[in-house]
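Here are a few notes to read alongside the model. I start with one small local detail and then work outwards.

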Amino acid sequence: MDVRDERLDPVRSFTLKGFRLEQETWRGVSSGDDSEMVFNSFFNTQDNTHLFIHHQDGGRLCVGLHFPQNVRTKVICVSKTGREVVTKKNVRKILIIQEVQGEDAKTAMIAVSEEVTCPLLSNPGTSRSWAVGLAEEALRSMERQRNEALVVKGQIEGRTFLAYPDALRDECLHDNALHDDSFQGDTEGRRWLDMQLLHACDSTIMEWMKLVSEVLQQDSSQLVLDGQEPLPSAEFNFWRSRLRNLHFIQQQLMSSRAQQVLSIAQSAESVYFSSLKDLHTDIQKGLDEAEDVTRNLKPVQEKLDELQQMEYQQVGDNMAAVMEEVRLVWIKSEFYCSTRVVVLLQEICTLFIQMSRSFLHGEDLMRPVGSELGQKMDDVTLVIWTLKSLKEAFRLCRTQLEDQRQDGDTLSWDFPSHLVFFRLDHFLLHLQGIQEVFSVSQQLHQLEWTVLSGVGGRTRTDMVQEVYQDFLCHVTVLSDLNCDPSDPDDQLVKMFGFILDRPLIHDQLRPHLVRLEEMVLEELDQIEQLFFSQREESDTFCMFTPSHAARLCWSQQLRRRAETTLNHHRTLQQLDLDSGDSYLVLQRFYHIEDLLQDFEDRLRSDWSSQLDSDCGFILEQPVIQNNQQGMLGVNCSHKLQVVLRELRYVSRKTDVKLRPSAARLFTFRDDITRNYLSLSHMVSCYKQVVSGVLPAELSLIQDQLQVLGLNQNLSELQRYTWGSEGLQQQVEQSRDTVLLLHSRVSQARANMDSMTRIIQGWAELHLLQRSGESLLELGDVEQSYKHIREEGEELLRLTQVGTSLRGRGEEQELMPLLLCSQVNRSLYGVEDSSDSWNMYLDHLDDKVLDGLFQLVLRSLHFLLDHMDPRSCSAFLTVSLRLQETGSVFEPSVGVGLSDLLQTVISDIYTAASLPLRISGSRHSNYQVSLQQSLDLSALEQEVKNRLQQVREEAELLLTRLDRYSYLWLSDRKRVMEEFLTYSRPLGPEELEAGETPPTLNDFLREINSLNTLREEVTHLDDVVLLHSWLQVDLRAFKDSLLSVVHKWRHLYTDYLLDSVSDRLQQVTPQCDDVESASSSSFPLTETIILLEAAGVQLPDRFFF
């Protein structure tokens, strides 16, 4: 790119000022071949919208189209406002240049997109002069780049970003355009936008499910499974990061835009709606797990941090405390299973191995001489004791858990201990070898001062010194090595390789090295056996991955295993081991490699051929067809999904060649996917229309199919294949017709469901109920009538769109069911006189009649159940009263009670007269139809029979009370005259008797008889239950009867009072003998005593 290019001026000026550079530095940047290529790609193409300039080490400027990695200095960020070529005219309008810190470059690009670029592109005034669709395409491109930046930023921060569909923004633009006159009435465009929006939401949900599934499938043990040696901090960081990430994902799923996606999927009855709900459930379960594990691992982390701050000499005494914290995690945590505990214990072992190596200073471990050798040996002994303390603490915790398991409190650690300590045991064995080396070295160091006496002592002493000097030479060589002997993974063979030069040691070690080489050959043989035994077994491969892709992955795993084995063999070769098997190992390896290569080549060829065959087959198949049950379905739906998935795998593997049919389907995969989604939605709606259809609406739906021409459209669509031209247009036409029919039928069925719920509500009404005193209450009938009217008004409000009934008053006659049915007639598009519509109305009329029948039946059963002699509870009540003519019931048990029950039954039937008749061919109202029902008539007759039974029992009650009838039927004046004449009432057979005036004893007899009768009446029951359901109130009768008894009693006591009063008036004040004044009548004193004994209140004048 020419340095004088005017398009570089804004970039050059900003860069020189930002970095404070000289002009010569910029010339060096712009004239370089790499920089020129970057500038041309940015300015002259539409694909790249960002340019980044930053300092490299040495002060040189670097230009790139991608985010600079690991840059801490500031970065010049140049961005385009849209996807277009930069020219001299638009350079200052289209470029946005700013400087940010290198680590915040992604944040800056996101901020520019959200706050500058996207608002500018979405503003109609900015793009008024642009070509149609250019602004929308540029905006979509910027949003995709912003989403990509957010994803990258989230990955760096350990978070998962869920991108939202661009169609949501298009939907908002569409909603704003609804107010535009040019858009009014474009229902076809609206449907197309709806389908685009649904497809975008479905694709977004699938992407969310994939991302969340990847997060949830992450396991803290993966590092261990990959052969790494993580520390416990990796476990703690994993769960903290997982908890933070799941919270971040949940916040995104609860955002307004995510809820909008959920609402769209729900309203459109998307097949992914349930998956999205399951996604929320999985996230919550993952959060519960992460919170539980993080909370319970915190004490373990704190204890380990505390141990790392201690002196190593104190670590061994705290091993039991560490294992106790791990045991508490096992007991308290709901989700920390045995596998995770094994991983945690392995990581703890790795931590103590690392601490031990740090304490031993491994690089200087083999360099001590003299007294330092004893100190190093003590350090190795301390490390061995400390690590064994860890194993002992594990054993004690395991024993405690086993005891608790026997008590039924918790589960024990039933995993083998070698899974936990296999590396620690290897390290301990390694240290014990070093300890043995130190012990031997310490003994050999003692040879320095050895002096042998006796004959030939000097010669022997010189020989010992020669041995000692040879030992010192080898120790010196060993101490000069840069290997760490405390590292169990270090190759000690290399460290002590020089010892192999000694013939005696070489001969002793050779059989072992030969055995190692034999083990390499055995491993290669096993790899070959695995290849031949499992290459045809499908169960060997992943069930969630296409078969060919899984086989390729399996083959590559075998290849890596063979290469690792060969590397081990090459390590042995470095020891200069002369063996005739080395060539055999290489030959065996190349043989396995050739087998795998041939297998992979054949597999790729077969995959390409099969995929091409499947794609060719699919492209020639009709898109829809009737299945064996005669139902319409998307053809090859499962096979199409499998092929599309395999194409995605193939696209990631450049070494698999796509043949013509597969390449054609791969090229149009987006269109085929859209057609598949549209067809799936269309077929689902069509099945909802035709499945479960009622006989009454079958003819209506068939008429609609003819009117809309849907049968013809579907027949024509069945002639299209997946590879046909114009398929998308035909799919859209058929889909729109099916969706229109589905909308009408669904609304009509919803109306039918509303009517059914209202009818069922009528059947559940309580026209009759018991009051608080367990008696029949008749005042709720009008309330039930009102409830039926209100339900009808509510139905009318729901079904008659745009009409408000509020404020019209109850004087308007409501016709809810009729209006609802008229709405359905409009939806089905039929005439009132059509036979199919009349059949539909008859069906609805039968439902109404059945609901009202259940209402009346329920009410009559209510009467019968409470008139059952076995009920033993009052249902109706009457009162027994004493009148001049005798005792009577109010209301009458005969006519009165019969009229009451007849009124109740009439009120029950009146409810059936409220709804207007739905069917036009049935002229009588529902009440008349129900009154002709034999079942209901039988129930009415049973009510009358039970009324007759209680009437007979009431007559028996009256008969029992007739023994008191003489009290109100006899003439008290005549009876008193007979008593005063004959001293007793004459019987009906006594026509004449001798006159016998009554004495005081006769009066006393009559008064006592009346007192006894009064007590008998007083103890009569206040309430009597007849036939176990009719309650008779006797209180009024008892009161009246007691009043009559009192009148009879007063008849006798008043006569005696009058007699006493007359006698006292005849006594003069001068008369001293009262008895002499009463000698011609009852004794005055005895009379007064009798009256007092009878409870008669005497006047004060009687006492003087």
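1. A glycine to look at: in this predicted model, Gly-709 has a positive phi, near 70°. Gly-709 comes right after helix H26, so you may like to look at the two together.

2. The helix before Gly-709: H26 covers residues 695-708, which makes 14 residues. From the first C-alpha to the last, H26 reaches 21 Å, close to the 20 Å expected at 1.5 Å a residue.

3. Which residues of H26 are buried? They are Ala-696, Glu-697, Ser-699, Leu-700, Ile-701, Gln-704 and Leu-705. In an α-helix there are 3.6 residues a turn, so residues three or four places apart point the same way. With that in mind, do take a look at Glu-697, Ile-701 and Leu-705, which are among the buried residues.

4. A second spot, Ser-1040: this serine is found in helix H38, residues 1035-1066. Is Ser-1040 buried or partly exposed? Ser-1040 counts as partly exposed because its relative accessibility is 26%, and buried would need a value under 20%.

5. A partner far away in sequence: Leu-882 is 158 residues from Ser-1040 along the chain, yet their C-alpha atoms are 6.0 Å apart in space.

6. The whole chain: the protein chain has 40 helices and 12 strands, and 43% of its 1104 residues count as buried. Among contacts between residues at least 6 apart in sequence, 71% join residues at least 24 apart. The chain exposes about 59,200 Å², with carbon and sulfur atoms supplying 49% of that area.

Conventions. Residues are numbered from 1 along each chain as its sequence is written. This is a predicted model: local features need pLDDT of at least 70, side-chain atom pairs count only at pLDDT 80 or more; totals for chains, interfaces and linings use all residues. Side-chain values use heavy atoms; hydrogens and water are left out. Helices (H or I, at least four residues) and strands (E, at least two) are DSSP runs, numbered from the N terminus. Buried means under 20% relative accessible area, exposed over 50%, partly exposed in between (1.4 Å probe, protein chains only). Contact means heavy atoms within 4.5 Å. Accessible areas come from the Shrake-Rupley method with a 1.4 Å probe; for residues, only the protein chains shown count as cover. The expected span of a helix is 1.5 Å times one less than its number of residues.
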